[in-house]
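Hi,

Here is the structure I promised to pass on to you. Have a look around first, and then read my notes below.

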Amino acid sequence: MSARDLLPAIVVLAVLAALPFLGLSGALLNFLVTTLIIALAGLGWNVLGGFGGQYSFGHAAFFGTGAYATAILQMKLGWNAWGALGAGIGLGALVGLAIGYLSFRAGLRGSYFALVTLAFAEVFRILANAADFTGGAAGLLLPLRPGLATLQFADRRFFVLLLVAFVGVALLASRWLERSRFGAHLIAVRENEEAARALGVDALAVKLRAIALSAAITAAAGGLYVQYFLYLDAGVAYGTWISVEALLAPIVGGIGTAFGPLVGAIALQGLGELTKHLAGGIPGIDLVVFGACLIAVIAFAPQGLLGLRPFRRRRKARDARAATVGA
Amino acid sequence: MTSILTPSRRAVLRTGLAATSLVAMPAILRAQGATVKLGIIQPVTGALANDGDLGKLGAELAVQDINAAGGLKSLGGAKLEIVFADSRSSPEVAAQETERLNGEGVAAIVGGFASGLCATASQAASRYDLPYLIDVGVADQLTQRGLKNTFRFSPSFGMVTKDALQRLVALNDAAGKPARTVVIVHEDGLFGSGLAKLLQAELPKLGFEILETVSHPTPARDMANVVLRIRSLQPDLVIPSNYYGEFVLLARTMLQQRVRPKGIYAILGGGASSLRFVKEFPQAAEGIMDCNHWPDPKNPLTAELRKRTEAAGRAFAYNVPMNYSAVRLMAEAIEKAGGPDRLKIIEALSTQSFTSGVMPYGQSKFVNGQNTSALPLNTQVQGGDVKVIAPPDFAQAKANFPFKA
Amino acid sequence: MYAPQILIEAALNGLMTGAVYALIALGLTLVYGVLHIINFAHGALLTVAMFAVWGAFALFHVDPYLAMVVIVPLMFGLGYGLQRFVIGPASHGNDNNVLLVTLGLSIVLENGLLALFSSDTRALDSDAALQVIELGPLLLSTPRVIGFVAAIAVTGLLWLVLNRTDTGRAIRAVAREKLGARLVGIEVDHVYAVTFGLGCACLAVAACLLMPTYYVNPRSGAAFVLVAFTIVVLGGMGSIAGALVGGLVIGVVESFSGLLLGDSLGQIGIFLIFILVLLVRPTGLFGARA
């Protein structure tokens, strides 16, 4: 990767890192945290779904595993929060490998892959809701212990910085996918798996590496979620809401682009905040507007926001370049 | 799967408020003397929308009454103004909305309804020393986290189950111990699962035999199998703990399959003390008992609240009187604190005692954040209405147990 | 262990519930088979139909079974219009976008219902719900027996429509070869919309059969969606017969696993079947190709 490739990412990260120090209100700071967590989950989804073309409806399986591992290792085994978060990310990747191994080996693609991931996430949700060590249906309340070792910052601006660092790593990973040999193989598998295989790409290995990376990033989002909100239950961890948020952000922002998930998360969360003011006292009206806006965005920006004309040309050129590398 | 997005999102606001209220400045808003802003947070969209709606109504009725009676008297008749927030049945939205309420300069927050929502909201409020009065988040831990700003008006889970069991034994003893065998039917969320675990530990000690514990998801599509099991086990007593829809399915299917145990004794049962259920299915509801949050039947305001709820087109349930009373209590705390100073309100809540509105709590007093005077009431559906049958101080009718139609 | 009578009753219960599940899955599988899309708005559309049944009863005291005459065509029209004027144009024929459009649609529908009808749970207080047919020692719920018979009849009817009518042949032609169908003069957009409409009509029938014993609130359709997906996969995506057999099998499995494991963990039985079928035989019981 050349310096020019990295420049946009560095600028965006610098802006994000500077934001909390511009005197934001608590509400805006909190909004930033939620948005970055969703963006991180979306960046994870995008590795597999965007670059790899394997649409998962079940990224909750990874988000939840990261979150539960981070919480349980601290609460039940007394681990340090950083170690617990690291282990959560690792476990998330393992779960990704396991699900990927089973489904890719069975040759599942498209809707079939989407449905099997959805089913896995649901099984996790039901089990987590019934098991004892997850706190069952009552969920887990992490004790409040502000400090660097416990990863709970009394000053939330530092939590934003931490999130920006994670988003930065995920962004760089995505940029790397756009440039590297592995990324080219992944895109080749997305475009035509048979052709890629004929050219000597080990499709199964490529997809497995992609799902592990994807799951690890989304698991990190889960771990950070629980570190911030300090509350977790099966519906939050493994519920369909996060699977949907994780795929919505990249698709709305621009699927298969490094910045797509970030742009999408900001747009969707921002839209959600704005529509709040439209309900006029009748519950539901605001969400009707939100849903209608979602449909409108897709109708008018079918390639995602980054696919709109001002952004389009560069992206095409890049895809073409990636395709040549893949071949 | 259609509901995927709903459990996460956004709030109802009075129209006209600038979209930029995210950056609203608290100090300026707070300085306006004539009104005191009170944050009300309830889930009015998403899975818990029905409960949130009723809770919101209760809070609104309380503010109406307080303002109509001359506002906060010790503050020169300052009026209360509700700033409402919808937590969308989702913990992270509850936190975001709490931040917004803080930004709008509320003096305190009342509400929450579910434990997960209360957990993140009260924690967000604690950053600003913003007093937070939980209406009915049952998880015991909510007030045991060392958050100085968090108080719970209603009885905790542990308190409810303790009373429920004591009164069950008393009921059975008074009738000559007709019931010995029990089947528990519970939803697999926090309410139901926690309760089942507790009952499994405690009931055998009290001389009951648990034949079976059946759990079901919410929403459940079907209760036929649950009832089939009950029919084959022939228990004396069925103890359900579930939300409204499932409770209705269960009661109707039991009636249809002609399963009539000696008693149906719900604990925090969603439908058992809902007047909608009683009105729509009088035959299925008759005789069902419930140990749940319920207002003092002897307080004349209770009947009035019920009328006003029905006038608003809603069926009366405990959320209305609970939030009505909680808001009145918070108003009293603001008066006792001498104004909307957050730390002074917290101080007042932790040290003084308060009237409890229409809830049967006498003088409410908070110890480590929990209202130690709070207690549930036992009700039974009799003659198409919900009647209180225990404890004796509040009873309107004698228990019909073992049940005779 | 349970007495044989209980087991027989559980099996019958499963078959009766499964038939209605099959009807819901039928709409889903039809839309998948022809449009090759996963319709996320299916549950919300079921809720719409259930509210329609409830409304007809509450406002005009129309019997839920009679209401079918009105609600089925209405839902067909709604489905036709949605596909023709919203889903089709907004998604530009791109599968990823269809997913998001139907998701957006489900948010709009569910919350529109919330705004219109509030979050109250509503049920029909009709006496029919409590009637039983006594079959020796067995008590069979009358509305569920009716549901079983009607669901099988509707499946048969749908099969006839697809195999014996011109519209049906056009639908099958589009399902198999979109481009070819267009070349021989079939208006593909119209066929898509008709298919979506038929899917919604199935939901309308299911709603009329469910409402005598079930309840409705703005989210109640969601409870049936995952199980409908399972049935579609088990039967083979796009297969009508598969949806019926799949529905019945899932109904019985749910019934027995509910009896043996409890209804909560019993749900796992369904998902495990789902995963196993996908991993071992993704074409399902009746599917032609992956």
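Let's start with one residue: B:E202 counts as partly exposed, because 15 C-beta neighbours lie inside 10 Å of it. Before going further, keep in mind that this is a predicted model. You'll find B:E202 in helix α6 of chain B, which covers residues 190–202. Its C-alpha atom is separated by 9.6 Å from that of B:K162, although the two are 40 residues apart along the chain.

Now for the bigger picture in chain B. The chain is divided into domain 1 (2–155 + 300–371) and domain 2 (158–292 + 377–394). Their centres, taken over C-alpha atoms, are separated by 31 Å. Where the domains touch, 10 residues come from domain 1 of chain B and 12 residues from domain 2 of chain B. What kinds of residues does domain 1 of chain B bring to the side that touches domain 2 of chain B? That side has eight nonpolar residues, one polar and one charged.

Next, the sheet. In chain B, seven strands form an open sheet, and if you walk across it you meet β7-β6-β8-β9-β10-β14-β15, with mixed pairing. The edges are β7 (209–216) and β15 (385–390) of chain B; each has a single partner strand, so one side of each is left without a neighbour in the sheet. From one strand to the next, the twist averages 25°.

In case pairing is new to you: strands of a sheet pair through backbone hydrogen bonds, either parallel or antiparallel. You can find both kinds here:

- β8(B) and β9(B) pair in the parallel sense over two bridges, and B:L237 stands opposite B:G263 in β9(B). To get from β8(B) to β9(B), the chain passes through α8(B), and this β-α-β crossover is right-handed.
- β9(B) and β10(B) are also a parallel pair, with three bridges. Here B:I267 has B:C291 in β10(B) as its bridge partner.
- β10 (residues 289–292) and β14 (residues 377–382) of chain B pair in the antiparallel sense over four bridges. In this pair, B:M289 stands opposite B:Q380 in β14(B).

Two helices pack on the sheet. Helix α5 (residues 157–174) of chain B touches β9, β10, β14 and β15 of chain B, and its direction makes about 145° with that of β10(B). Helix α7 (residues 224–233) of chain B touches β6, β7 and β8 of chain B, and its direction makes about 170° with that of β7(B).

So, is β9(B) enclosed or open? Five of its five residues are buried, so β9(B) is largely enclosed by the rest of the structure. B:G263, B:Y265 and B:I267 point one way from the strand, while B:I264 and B:A266 point the other way. You'll see a similar alternation if you click through β10(B): B:M289 and B:C291 point one way, B:D290 and B:N292 the other, and all are buried.

Chain B also meets chain C. How many residues are in contact there? On the chain B side there are 35, and they are in contact with 44 residues of chain C. The elements α2 (49–68), β7, α7 and α8 (244–256) of chain B each supply at least two residues of that chain B side. Sorted by class, the side of chain B that touches chain C has 15 nonpolar, 12 polar and eight charged residues.

Last stop, chain A. The axes of helix α3 (residues 60–77) and helix α5 (residues 110–130) of chain A come within 8 Å and cross at roughly 30°. From α3(A), the contact uses A:A60, A:A61, A:G64 and A:Y68; from α5(A), it uses A:T117, A:F120, A:A121, A:F124 and A:A128. By class, this contact has seven nonpolar, two polar and no charged residues.

Have fun with it!

Notes
Residues are numbered from 1 along each chain as its sequence is written. Chains are lettered from A and ligands numbered from 1 in the order in which they are written. This is a predicted model: local features need pLDDT of at least 70, side-chain atom pairs count only at pLDDT 80 or more; totals for chains, interfaces and linings use all residues. Two strands pair if DSSP finds at least two bridges between them. Axes are lines fitted to C-alpha atoms, for helices over the stretch in contact, and angles run from 0 to 180 degrees between N-to-C directions. Two residues are in contact if their C-beta atoms, placed from the backbone, lie within 7 Å. Domain bounds come from an automatic or database domain assignment. Ala, Val, Leu, Ile, Met, Phe, Trp, Tyr, Cys and Pro count as nonpolar, Asp, Glu, Lys and Arg as charged, and the others, Gly among them, as polar. A residue is buried if 20 or more other C-beta atoms lie within 10 Å of its own, exposed if 12 or fewer, and partly exposed in between; C-beta atoms are placed from the backbone. A crossover is right-handed if, with the strands pointing away from the viewer, the path from the first strand over the helix to the second runs clockwise.
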